[in-house]
Amino acid sequence: MNYIRTKNGILVKNAKDFEPRHVFECGQCFRWKAMPGGSYSGVAGGRALRVKKVGNDILLEGTDERNFHEYWAGYFDLSRDYGAIKETLSRDPVLKRAVEYGSGIRILKQDVWETLVSFIISANNRIPRIMSTIERMCQSFGERKEQNGETYFDFPAPGRLAAMDEKDLRGCGCGFRAKYVLKAARIVSEGRADLYSLENADTEDARDALLYFPGVGPKVADCIMLFSMAKFDAFPVDVWVKRVMEHYYLKRETSLAQIRRLACERFGPLAGVAQQYLFYYARGTMGKATDRG
DNA sequence: TTGCAGGGGTCAA
DNA sequence: TTGACCCCTGCA
């Protein structure tokens with residue numbers, strides 16, 4: 001990819017398949033906030049960043065070239081050709097519309113531990129509350145850092161959360177998910193599961209391993225694999241994806257497991273990317289979407 | 001103003 | 001297969 005250094009950041013040139021609003025509001029991440037003027041501000045990988053579209057370019061403010069290469073280029077999946085992915089998916093007439101609607105979506109490569117906890121919290125929950133719960137957890141238990149005079153908080157490490165009580169986590173707004181987060185933290189910090197090795201496992205094996213965590217069912221496991229392990233054949237089915245799949249493809253009430261199976265057959269190794277376009281399309285066009293950040 | 005249903009699922013029975 | 005689960009919001 002092409003980029004130039006600026007005074008306090010990196011300008012990625014001709015990033016035509018990168019629209020910050022699509023990337024940050026398609027439901028894959030919870031720590032990016034929309035700022036006045038259309039930029040997004042967030043924390044990932046222990047680093048703070050501001051992201052803004054400038055014409056056809058993307059300005060990443062608050063990083064240097066080293067951190068850009070070490071972290072952000074991978075996080076934003078910048079080496080992948082989403083134009084080619086969209087072309088392939090657009091052979092399907094429904095996906096063609098969905099891809100046009102969310103043309104700037106990219107699948108982020110997020111931290112596995114943070115993604116595990118975030119999606120445990122997402123169960124039967126709404127986006128604004130998920131975001132505020134995670135932010136409170138970070139402020140209460142995450143490492144405090146400063147960058148250009150601004151304070152931000154890292155996502156708390158497994159050992160840090162493992163040392164807490166259930167009531168501490170309830171205090172952050174986790175609700176009934178507090179016990180799941182706590183147990184997951186203890187499993188990871190005690191070395192009973194190696195989250196980061198799952199990236200190298202095949203999708204079915206990684207899925208089985210994730211289902212071992214309390215609070216992780218089929219949908220959450222698929223989200224973790226798609227949004228932190230680049231397993232693009234994972235197809236998370238939530239109510240919106242169920243809705244859009246039944247409406248445009250299946251024409252009848254269908255079980256979650258069956259929708260997942262049919263989608264994987266139909267979309268193959270790009271099923272997860274297709275899911276993101278369909279999800280964003282459904283959220284924007286099908287009925288009420290009152291809880292969008 | 002108050003009350004109630006329901007939400008980007010999972011668990012347990 | 002079904003109800004309970006935190007708690008906040010929208011709506012009657």
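Domain bounds here come from an automatic or database domain assignment. For chain A that assignment gives domain 1 (3–79), domain 2 (81–102 + 231–293) and domain 3 (112–229). This is a predicted model, in which local features need pLDDT of at least 70 and side-chain atom pairs count only at pLDDT 80 or more, while totals for chains, interfaces and linings use all residues. Residues are numbered from 1 along each chain as its sequence is written, chains are lettered from A and ligands numbered from 1 in the order in which they are written, and side-chain values use heavy atoms, with hydrogens and water left out.

## Where domain 2 meets domain 3

Let us start with the interface. The C-alpha centres of domain 2 and domain 3 are 25 Å apart. Contact means heavy atoms within 4.5 Å, and by that rule 17 residues of domain 2 touch 17 residues of domain 3. Buried area is the accessible area (1.4 Å probe) that two parts lose on being put together, summed over both; for domain 2 and domain 3 it comes to about 1300 Å², with 58% of it on carbon and sulfur atoms.

A salt bridge is a side-chain nitrogen of Lys or Arg within 4 Å of a carboxyl oxygen of Asp or Glu. Two salt bridges cross the interface of domain 2 and domain 3. A polar contact is a pair of N or O atoms within 3.5 Å; within protein, one must be able to donate a hydrogen and the other to accept it, and residues adjacent in sequence count only if both atoms are side-chain atoms. Seven residue pairs are in polar contact across this interface, both residues being at pLDDT 80 or more.

Helices (H or I, at least four residues) and strands (E, at least two) are DSSP runs, numbered from the N terminus. On the side of domain 2 that touches domain 3, helix H14 (residues 271–285) gives the most, with five residues. By class, that side of domain 2 has six nonpolar, five polar and six charged residues. In this count Ala, Val, Leu, Ile, Met, Phe, Trp, Tyr, Cys and Pro are nonpolar, Asp, Glu, Lys and Arg are charged, and the others, Gly among them, are polar.

## Ala234 and its surroundings

Ala234 sits in the loop between helix H11 (218–228) and helix H12 (239–250). Buried means under 20% relative accessible area, exposed over 50%, and partly exposed in between (1.4 Å probe, protein chains only). Ala234 counts as buried because its relative accessibility is 2%. Not counting residues up to four places away in sequence, Ala234 touches Asp222, Met225, Leu226, Ala271 and Gly272. Gly268 is 34 residues from Ala234 in sequence, and their C-alpha atoms are 9.4 Å apart in space.

## An enclosed helix

Helix H5 (residues 112–121) is largely enclosed by the rest of the structure, because ten of its ten residues are buried. Among them are Trp113, Glu114 and Phe119. The buried residues of H5 pack against helix H6 (127–141), helix H7 (158–162), helix H9 (178–189) and H11. At the N-terminal end of H5, Asp111 acts as a cap, with a side-chain oxygen 3.2 Å from the backbone nitrogen of Trp113.

## Salt bridges

The structure holds 22 salt bridges. Here are some of them.

| Pair | Closest N to O distance |
|---|---|
| Asp57 and Lys13 | 2.9 Å |
| Glu246 and Lys242 | 2.6 Å |
| Lys242 and Glu253 | 3.2 Å |
| Arg260 and Glu204 | 3.3 Å |

Asp57 lies in strand E6 and Lys13 in the loop between strand E2 (9–12) and helix H1 (20–24), so the pair ties together parts that are 44 residues apart in sequence. Asp57 is buried at 11%, whereas Lys13 is partly exposed at 31%. The side chain of Asp57 also reaches the backbone nitrogen of Asn14 at 2.9 Å.

Glu246 and Lys242 are both in helix H12, four residues apart, about one turn of the helix. An α-helix has 3.6 residues a turn, so residues three or four places apart point the same way. Both partners are buried, Glu246 at 15% and Lys242 at 19%. Glu253, in the loop between H12 and helix H13 (256–267), also pairs with Lys242, so parts that are eleven residues apart in sequence are tied together. Glu253 is exposed, at 66% relative accessibility.

Finally, salt bridges that share partners join Glu204, Arg207, Asp222 and Arg260 into one network.
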